[in-house]
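Subject: The model, and what turned up in it

Hello,

Here is the structure I promised to pass on. Please have it open while you read, as my notes follow below.

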Amino acid sequence: MGNEVLDFANQIGATDLKTVFDYSEFHGLFKRRNYFLIDKNKFLIIKISRSNRPFWGFGKKFFDLFNTLTEKRGNYFFVALLSEKSGWVLSKREILNQISDGSLSYSENQEQYKINPYNLKDHNGFTSIGSFLKKIGISK
């Protein structure tokens, strides 16, 4: 198993939230290195699927936290990686829309939203670091 998530985060210049929230009330929440900050007020949830039937999980506690953190300003993006340079990206608004229209499934047992391939549209895809940054509104 590679480090695609960390490789991707390093390539885009994202900061691990473990370092941002060091010794705070959130520090224990970020046990895995999937949560990042980029461009001052954009949070990233970066996941890679390891299952034969791909899906990407977005835990309810993280969903609630990122909605709270971006309530007044900022945004968050869910990044479903295929490799360290390609995948899909969903904005907060797209996730909220899919939850409200019922197209994003929720597992009560695991307390997480499950992002399946059918939730990821062509317009959400990226095939390079540059195209990803453009999709989230960062020009480099």
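Which residue just after α1 takes a positive phi? It is Gly13, with a phi of about 80 degrees. Please keep in mind throughout that this is a predicted model.

**The sheet**

Let me begin with the sheet. It is an open one, built from six strands in the order β1-β2-β3-β5-β6-β9, and its pairing is mixed. At the edges are β1 (15-16) and β9, each of which pairs on one side only. For β1, the pairing is with β2, antiparallel and over two bridges; Asp16 has Phe36 of β2 as its bridge partner.

Towards the β9 edge, strand β6 (residues 87-91) is worth a look. It is mostly covered, with five of its five residues buried. Gly87, Val89 and Ser91 point one way from β6, while Trp88 and Leu90 point the other way. That fits the usual pattern: in a regular strand the side chains alternate between the two faces of the sheet.

β6 has a pairing with β5 and another with β9. Strand β5 (residues 75-81) pairs with β6 in the antiparallel sense over five bridges, and the two form a hairpin with five residues between them. Within this pairing, Phe77 has Ser91 of β6 as its bridge partner. With strand β9 (residues 125-126), β6 pairs over two bridges, again in the antiparallel sense, and here Gly87 is matched with Phe126.

**Two helices, each with a buried face**

Helix α1 (residues 4-12) comes ahead of the glycine I asked about. Its buried residues are Glu4, Val5, Phe8, Ala9 and Ile12. Seen down the axis of α1, they fall within an arc of 130 degrees, so they line one face of the helix. The spacing has a simple background: an α-helix has 3.6 residues a turn, so residues three or four places apart point the same way. The buried residues of α1 pack against β2 (35-38), β3 (42-48), β5, β9 and α5 (129-135).

Helix α4 (residues 92-100) lies across β5 and β6, running at about 80 degrees to β6. In α4, Lys92, Ile95 and Gln98 are buried. Viewed down the axis of α4, its buried residues also fall within an arc of 130 degrees, so they line one face of the helix. On the other side of α4, Arg93 and Ser100 are exposed. The buried residues of α4 pack against β4, α3 (60-69), β5 and β6. Just after α4, Gly102 takes a positive phi of about 80 degrees.

**The β4 and β8 pair**

Strand β4 (residues 56-59) runs antiparallel to strand β8 (residues 112-115), and four bridges join them. Trp56 and Phe58 point one way from β4 and Gly57 and Gly59 the other way; all are buried. Gly57 stands opposite Lys114 in β8. The charged end of Lys114 sits over the ring of Phe55, 4.7 Å from its centre.

Is Asn116, in the loop between β8 and β9, buried or exposed? Asn116 counts as buried because its relative accessible area is 15%, below the 20% cut-off. Leaving aside residues up to four places away in sequence, Asn116 touches Pro54, Phe55, Trp56 and Ser105.

**Aromatic rings**

How many aromatic pairs are there? The count comes to 13. One of them joins Phe58 and Phe63: their centres are 5.9 Å apart and their planes are at 85 degrees, which makes the pair edge-to-face. Both rings belong to buried residues, with a relative accessible area of 1% for Phe58 and 8% for Phe63.

Ring pairs also link a cluster made up of Tyr35, Phe43, Phe58, Phe62, Phe63, Phe66, Tyr76, Phe78, Tyr106 and Tyr113. If you want a place to start in the viewer, try Phe58: Phe58 is a residue of β4 and a member of this cluster.

Happy to talk it over whenever suits you.

Best wishes

Technical notes. Residues numbered from 1 in each chain as written. Predicted model: local features only at pLDDT ≥ 70, side-chain atom pairs only at ≥ 80, totals over all residues. Heavy atoms only, no water. Buried < 20%, exposed > 50% of the residue type's maximum accessible area, 1.4 Å probe, protein only. Pairing = 2+ DSSP bridges. Phe/Tyr/Trp six-rings, centres within 6.5 Å; stacked < 30°, edge-to-face > 60°. Lys NZ or Arg CZ within 6 Å of the ring centre and 35° of its normal. Arc of directions from axis to C-beta. Contact = heavy atoms within 4.5 Å. Axes fitted to C-alpha atoms, helices over the stretch in contact; angles between N-to-C directions.
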